Amino acid sequence: MDSKRSEAAQRAADMPLAVKILVAGGFGVGKTTMVGAVSEIRPLQTEEVLTDRSIGVDNTAGVEQKTTTTVAMDFGRITIRDGLILYLFGTPGQDRFWFMWDELSLGALGAVVLADTRRLADCFPSVDYFERRGLPFVVAVNCFEDGFDYTPDEIRQALDLDGAIPVVMCDARERRSGKKVLTTLVGHVLSIHGHAPPREAGAPVY
Amino acid sequence: MTGHGSEWLDEEAGPLVRSYALTRGRTSPGTRGEGFEMIAIISTVGTAPFSSPNVWPEHLAILELCARPLSVAEISAKLRLPLVVIRVLLGDLLDVGLIAVRRPKQDDRPFNEHLLREVLHGLQAL
Ligand SMILES: Nc1nc2c(ncn2[C@@H]2O[C@H](COP(=O)(O)OP(=O)(O)O)[C@@H](O)[C@H]2O)c(=O)[nH]1
Ligand SMILES: [Mg+2]
């Protein structure tokens, strides 16, 4: 049994390490679209079954009466190198599922808050949550054709964001654009800790 | 593993009924999240005794899938079973030493510059 255990430990050390980034925002803002645009696999879906207890409803009626809700999450995958995988989770927009968000945030490198200029308020809960939680994030404005033409500074003001938080204009359908959002996020996390992110030579600023 | 066959469950049962039947209500908070985080990587390290009544088709499906290391979230997606169920099944398999787990760094969050630079370079190379 002991040798079996140490064998398993050795095997585990040879297995890939996974890290994650969250993509949050209101319903229909383009989370799944962005995850799919940068993922090497078609976005997959997993679901969590939430009981009254996990969503904080006090139920006195007993186990038999327990109601459940399922929350679906989309995710994609990017192989960074052999042995290192980045997962992207499109997190559900309902801010009442704190339990879900807590689990998703734990150990995350950072988050992308997707915003739609037609419904800016939809991303307030995400912004609030990540600020409170202290998880580094960037705001990516998904530019729909009939959206309003706000500047990043106007968005920053409207969302009452700290000046250091990057605001990026993007097209969630474009791989290159999603890549720009993600590199901005990781660069932001590095800069928070006083490490200048290396300039990407000739990178187009979308 | 506790022995309850799932043969009597037909497709009509629906995902939730099926979930609870599969896990026999073993969905305590203790099995949720701890050790089987969504991005924990699972790899099969042993062969299940096919004849055992404690081995369900779902256990075997996981072992087959994880011949190549796979995340908990991917297992859930590919088998179309909620995370809460997958975690119980993984717990069974871990108890009998049939899987190995590579857990993600969960520490909230000592800054890891090397890891972040690796991720940044990987993303830039996309
Ligand atoms: N025109 C346009 N449509 C988009 C864009 N991003 C997403 N969509 C569409 O908006 C809808 C909602 O996107 P989805 O990714 O499912 O949103 P989610 O609810 O945040 O996951 C889908 O029909 C997408 O095809 C975009 O940048 N421009
Ligand atoms: Mg979606």
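This passage goes through the ligand site, the cavity and a small sheet in turn. The model is predicted, and every value below is computed from it.

Start with ligand 1. Its shell counts 14 residues, and K31(A), T32(A), T33(A), N142(A) and E145(A) are the ones that come nearest. Sorted by class, that shell comes out as six polar, four charged and four nonpolar residues. As for where the shell comes from, helix α2 of chain A, spanning residues 31-38, gives the most to it, with three residues.

Some side chains also make polar contacts with the ligand. N142(A), already listed among the residues that come nearest, puts a polar side-chain atom 2.7 Å from an oxygen atom of ligand 1. D171(A) does likewise with an oxygen atom of the ligand, at 3.2 Å. With R173(A), the ligand's partner is a nitrogen atom, which sits 3.3 Å from an N or O atom of the arginine side chain. On its own, ligand 1 has 580 Å² of accessible area, and the protein covers 68% of that.

Next, the empty space inside the protein. Just one cavity of 30 Å³ or more turns up in the structure, and the largest cavity holds about 40 Å³ of space. Its lining is drawn from chain A: G26(A), F27(A) and V29(A) take part, along with L114(A), A115(A), D116(A), R119(A), D122(A) and C123(A). By class, the lining has five nonpolar residues, three charged ones and one polar one.

Chain B, finally, offers a bit of sheet to look at. Three strands form an open sheet in the order β2-β1-β3, and the pairing is antiparallel. The edges are taken by β2 (70-71) and β3 (99-102) of chain B, each of which pairs on one side only. Strand β1 of chain B, residues 41-44, meets β2(B) in the antiparallel sense over two bridges. Within this pairing, I42(B) stands opposite L70(B) of β2(B). In general, the strands of a sheet are held in register through backbone hydrogen bonds, either parallel or antiparallel.

Technical notes. Residues are numbered from 1 along each chain as its sequence is written. Chains are lettered from A and ligands numbered from 1 in the order in which they are written. This is a predicted model: local features need pLDDT of at least 70, side-chain atom pairs count only at pLDDT 80 or more; totals for chains, interfaces and linings use all residues. Side-chain values use heavy atoms; hydrogens and water are left out. On a 1 Å grid over the protein atoms alone, a cavity is a set of points where a 1.4 Å probe fits but cannot get out, and a pocket is an open set with protein on both sides within 12 Å along at least five of seven lines; lining residues have an atom within 4 Å of a point. Grid points are joined across faces, edges and corners, and a volume is the space filled by probe spheres set on the points. Ala, Val, Leu, Ile, Met, Phe, Trp, Tyr, Cys and Pro count as nonpolar, Asp, Glu, Lys and Arg as charged, and the others, Gly among them, as polar. A residue is near a molecule or strand if one of its heavy atoms lies within 4 Å of it. A polar contact is a pair of N or O atoms within 3.5 Å; within protein, one must be able to donate a hydrogen and the other to accept it, and residues adjacent in sequence count only if both atoms are side-chain atoms. Accessible areas come from the Shrake-Rupley method with a 1.4 Å probe; for residues, only the protein chains shown count as cover. Helices (H or I, at least four residues) and strands (E, at least two) are DSSP runs, numbered from the N terminus. Two strands pair if DSSP finds at least two bridges between them.
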